[in-house]
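Me: Please take me through the structural assignments in this entry, with the criterion behind each one.

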Amino acid sequence: MATKQFQAESRRLLEMMINSIYSQKEIFLRELISNASDAIDKMYYRALTDDTLTFNKDDYYIKVSADPENRELKIVDTGIGMTEEELESNLGVIAKSGSLAFKNENEIKDGHDIIGQFGVGFYSAFMVAENVVVYTKSADSNQAFKWVSNGLDGYTIEPAEKAVTGTEVIIKLRENTEDENYDEFVEEHTLKSIIKKYSDYIRYPIKMDVSVQKPKDNEEGEYEEIEEEQTINSMVPIWRKNKNELTDEDYKAFYAEKHYGFDEPLKHIHISVDGAVRYQAILFIPEKTPFDFYTKEYEKGLELYSNGVLIMEKCGDLLPDYFGFVKGIVDSEDLSLNISREMLQHDRQLKLIAKNIKNKIKGQLKTMLKDEREEYEKFFEAFGRQLKFGIQMDFGANKDDLKDLLLFYSSKEKKLVSLAEYTDRMPEEQKYIYYATGDSIDRIEKLPQTEMVLDKGYEILYFTEDIDEFAIKTIMSYEDKQFKSVASGDLGIESEEEEEKEKNEAEDNKELFEEIKTLLSGKVKDVRASKRLKSHPVCLTADGEVSIEMEKILQQMPDQNQHVKADKVLEVNINHSIYQSLKGAYDNDKDKLSLYTNILYNQALLIEGLPVEDPVALTNDMCKVMA
Ligand code: ADP
Ligand code: MG
């Protein structure tokens with residue numbers, strides 16, 4: 001019989017397991033029991049939905065037996081079993097959920113962290129095993145198979161005898177070392193407490209033969225020790241338990257057990273609804289962004305149970321995209337077992353549950369924002385971007401659900417603020433909610449366009465993410481206040497007097513600005529005296545809907561958006577000494593005017609973070625000025 005090699009990824013995981021210095025080696029039992037439970041789930045579901053199968057609830061159990069003499073531990077289940085092909089593809093290749101961990105090299109370097117925070121499934125057995133044997137018989141086959149591996153050397157598969165459908169995993173413990181006593185994994189007491197600790201809520205009985213003291217059947221009142229089969233777990237799923245009986249640790253353990261993420265949950269929401277629709281749910285808001293979250297590969301969804309029976313591992317219809325980061329399970333007695341995926345989409349009960357869940361999540365986030373600011377900011381750091389996408393999606397249909405959950409960096413507070421906080425402290429005469437866009441807070445802080453608004457004492461929100469301005473354009477206004485970019489045409493900060501003065505000045509400058517406009521034709525739409533500059537001579541702004549920042553983003557997108565351009569306006573600070581130079585050049589030396597115009601225009605481009613069209617020409621121009 002040929003020995004087969006594990007796939008490369010599996011081999012690395014295996015290597016890690018074998019050399020693991022991870023202290024919680026005991027979690028291997030949690031993993032094997034969880035696999036057994038999954039397999040029984042599948043069998044149970046099949047029996048319930050297939051009329052040709054007879055069904056007896058007592059047939060579904062997991063049994064853990066220890067053989068201290070031979071230092072062997074056996075985990076038996078009456079689940080769906082595996083065919084030869086399944087053995088090959090499931091145990092020869094790392095399971096999909098586990099392989100996620102391997103996409104990120106950094107995670108690998110910190111190997112034992114993966115083991116701790118993220119379950120690793122079947123291979124974790126090799127943390128304690130010198131050798132693993134699996135006997136399995138699939139519900140779809142009459143032939144049983146035996147799978148054997150002692151770790152890195154590979155594995156073998158051969159036909160075997162097994163009477164009933166299901167799987168048996170036999171672990172031969174490693175030799176004890178100075179630091180590790182593997183014998184504890186065949187001790188009754190230790191096994192019982194590991195099962196209680198990690199697998200208490202498993203919905204099938206986890207049985208063990210335990211020794212108990214029983215009074216002897218005689219007069220002397222003597223006791224004898226006998227073996228008795230007991231169910232170790234309470235079997236009540238955690239979501240059916242009373243919230244008051246559960247601790248944070250219980251929820252965290254469940255999160256880890258379910259492999260919801262590498263991290264610990266930031267928040268859990270335990271729901272029990274008994275109204276128009278009945279369901280229980282445990283939802284988690286993760287602390288960290290899953291590394292594939294903002295990619296196509298990420299699949300949102302919650303586990304869906306119908307009265308304790310798993311019917312779907314990832315039900316996407318239960319979560320709106322913008323809350324796609326939420327993990328967890330939903331169990332409802334109102335859902336039919338036989339429902340197909342297609343039908344589920346249109347199921348009225350499911351829609352009600354989804355709506356209810358959406359509101360619970362929203363409520364939880366609002367409460368966090370109000371009462372646990374630090375936690376909320378952590379959340380926002382990880383998933384705020386998704387909320388902004390949510391605002392934009394479906395033509396803004398969800399903006400009212402989400403706008404209160406947004407945070408932006410504030411020029412005034414030097415930290416994140418909500419829109420409500422901004423509008424609450426707006427001075428009465430302030431007409432708009434001001435924002436400035438740029439690559440970073442640092443860069444925005446230096447933008448000339450912010451000068452006048454800040455000078456007025458108005459707060460500016462800093463938009464550093466490409467999505468920010470698009471999201472805000474979808475919201476349009478908050479508390480009846482419209483959003484206004486500090487780089488947009490009319491800032492609305494001037495008194496009538498000031499406006500009158502500007503008008504007169506505009507008249508005076510008309511000819512000069514017309515000349516500059518001609519020099520820059522095709523590049524800017526207009527040239528104007530600036531109302532926002534203090535210390536800088538020039539800046540660029542945009543008229544109309546498309547801002548300069550939006551143009552930058554759209555330019556990076558493929559095809560159809562390439563032609564979208566901002567209507568750029570060159571603003572000149574007429575109180576700056578440079579303005580006098582321009583005027584002088586206009587009156588006396590047209591070549592000089594052209595030279596100055598080019599340099600100033602390019603400076604404005606640079607400040608905006610836009611590419612200079614002809615760097616060589618610019619440097620030549622600068623040399624001319626210096627010469
Ligand atoms: P995961 O449980 O995340 O899929 P594992 O490494 O724990 O990853 O298991 C790999 C696969 O092996 C499972 O998905 C399942 O198909 C199969 N498997 C493991 N244990 C059993 C079992 N006791 N009965 C049936 N199939 C099993
Ligand atoms: Mg598993």
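**Strands, helices and their criteria**

Reply: In strand β17 (residues 460-463), I460 and Y462 point one way while L461 and F463 point the other way, and all are buried. The model is predicted: local features need pLDDT of at least 70, side-chain atom pairs count only at pLDDT 80 or more, and totals for chains, interfaces and linings use all residues. Residues are numbered from 1 along each chain as its sequence is written, and side-chain values use heavy atoms, with hydrogens and water left out.

Me: What makes β17 a strand, and what does "buried" require?

Reply: Strands are DSSP runs of E with at least two residues, helices runs of H or I with at least four, numbered from the N terminus. Buried means under 20% relative accessible area (exposed is over 50%, partly exposed in between; 1.4 Å probe, protein chains only).

Me: How do you know that β14 is paired with β17?

Reply: Pairing requires at least two DSSP bridges between two strands. Strand β14 (residues 407-410) is joined to β17 by 2 bridges, so the criterion is met, and the two run antiparallel. Y409 has Y462 as its bridge partner in β17.

Me: Which sense does the pairing of β16 with β17 have?

Reply: Strand β16 (residues 432-437) pairs with β17 in the parallel sense over 4 bridges. There, Y434 has I460 as its bridge partner.

Me: Why is helix α18 called largely enclosed?

Reply: Of the 9 residues of α18 (residues 548-556), 7 are buried, so the rest of the structure largely encloses this helix. Among the buried residues are I548, M550 and L554. The buried residues pack against elements including β16 and α20 (590-608), where contact means heavy atoms within 4.5 Å.

Technical notes:
Chains are lettered from A and ligands numbered from 1 in the order in which they are written.
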